[in-house]
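Morning, everyone. I'd like to spend a few minutes on the empty spaces and the ring contacts in one protein model, so have the picture up while I talk.

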Amino acid sequence: MKIPLSAPDIQEEDIEAVTSVLRTSRLSMGPKLEEFENAIARYVGARHAIGVSSGTSGLHLCVRALGIGEGDEVIVPSFAFIAVANAVRYERAVPVFVDIEPETLNLDPERIEAAITPRTKAILVVHTFGCPANLSEILAIARRHRLHVIEDACEAIGAEYEGRKVGAFGDAGVFAFYPNKQITTGEGGMIVTPNPDLASAARALRNQGRTDSGNWFQHSEIGYNYRLAEMNCALGIAQLERIDAILSQREAIAKKYDEELKANENLILPPLIVPRRKISWFVYVVRLSEDFSQLHRDWIVNEMDRRGIACGRYFAPIHLQPAYRDMSVPTAGLEVTEREASRSIALPFFNRIEQRQIDEVCEALCELTHQARELAPATESA
């Protein structure tokens, strides 16, 4: 690809941080893990942080540590990465898909209450694309019904709701550091929680069910190998040190896209400002206007690809995925999810994208949206 969809931002200090670990004898469960955990806890404002191998494993451990099990129901959005639902299914619990707000693409609080049943145990709220969900209303619903709240902040490190960092509002929050995220550890994730019991349980579960007894062959329960290696932690520490600059840089890129695309009547752009919230820009996702279809969207994405410009179809609704389509999974009217997902296009977005690349993306997209409108009959019958 001439212009990739994403690219990690690795600098010399990051490389030196990783190689310095390789010169030691501690490559796992060492001092860098503790340092990274403490740094994330301070940054987010959480009492406890637990490093894990991925955001997915972090979500799984939260579900497990909160005692959610077979037959229990967890409210989740369908407009999200599939790991949100998978983490629930790992424990044989049931994801209940609830629709989203059309502006923020986050769980719609007005739809949540109607989906709650006596079997509901938790709400798994996603801060989609780095834009915080409506936490005050969601937390109020959870309190009324005595439900746990897990924040999937995997796309949202540094985002804020009413002046506080997301991830630290619920029973637990999870961050992810995959290479396309704001900061990366290569692979990796982090659980944050105010609950010392949940933190203790997650620490044991990530390490094959071992407690702090000191006996490597003593396992108190069936656990997992969800450990985060020292090299990953060293990279995460180095990246976290410049997160403010990274987030400012990504916000500036979003503003550049907005400036170049705002005159295109065929596009709905993501809001730059949402009341009470600070966005942490994970991706820049536009939507085609309502008179376009999924066929138009797919044609545009394919044409962009032919020009060497990578774009993403973010997100394919989970309830329509082959892995879930044949399941008897409860849904609560997902019209907004299906409509918005069918017209969404993620544009190339990464720290080091150049102005000339943004110009090329925007010129191609504007040209193709106008062509798609002119070719509408042929596209619809394709």
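I'll go through the pocket, then the cavities, then the aromatic rings, and end on one alanine.

Quick housekeeping: this is a predicted model, so local features need pLDDT of at least 70 and side-chain atom pairs count only at pLDDT 80 or more, while totals for chains, interfaces and linings use all residues. Residues are numbered from 1 along each chain as its sequence is written, and side-chain values use heavy atoms, with hydrogens and water left out.

Okay, empty space. Rolling a probe the size of a water molecule over the atoms shows where empty space is left. On a 1 Å grid over the protein atoms alone, a cavity is a set of points where a 1.4 Å probe fits but cannot get out, and a pocket is an open set with protein on both sides within 12 Å along at least five of seven lines; a lining residue has an atom within 4 Å of a point. Points are joined across faces, edges and corners, and the volume is the space filled by probe spheres set on them.

The largest pocket comes to about 480 Å³. It is lined by 26 residues, and F81, A83, E155, K181 and F315 lie nearest its centre. Two elements give two or more residues to that lining, α3 (55-65) and α4, with α3 giving the most, three residues. Helices here are DSSP runs of H or I, at least four residues, strands are E runs of at least two, and both are numbered from the N terminus.

What about the cavities? There are three of 30 Å³ or more. The largest has a volume of about 150 Å³. Of its 13 lining residues, T104, F129, C131, P270 and P271 are the closest to its centre. The second largest is about 70 Å³. That one has 15 lining residues, with A7, P8, D9, K181 and Q182 closest to the centre. So keep an eye on K181, named for the largest pocket and again for this cavity.

Now the rings. How many aromatic pairs does a search of the whole structure find? Eleven, where rings of Phe, Tyr and Trp (its six-membered ring) pair if their centres lie within 6.5 Å, and planes under 30 degrees apart are stacked, over 60 edge-to-face, the rest tilted. F129, which we met at the largest cavity, stacks with Y314 at 6.2 Å centre to centre and 25° between the planes. F129 sits in the loop between β4 (120-126) and α6 (135-145) and Y314 in the loop between α10 (294-306) and α11 (322-325), so this pair ties together parts 185 residues apart in sequence. Both are buried, meaning under 20% relative accessible area with a 1.4 Å probe, protein chains only (over 50% is exposed, in between partly exposed). Ring pairs also link F79, F129, Y314 and F315 into a cluster.

Last stop, A93, in the loop between α4 (83-89) and β3 (94-98). Is A93 buried or exposed? Buried, with a relative accessible area of 0%. Leaving out residues up to four places away in sequence, A93 touches I68, G69, E70, G71, D72 and V88, contact being heavy atoms within 4.5 Å. E73 is 20 residues from A93 in sequence, yet their C-alphas are 5.8 Å apart.
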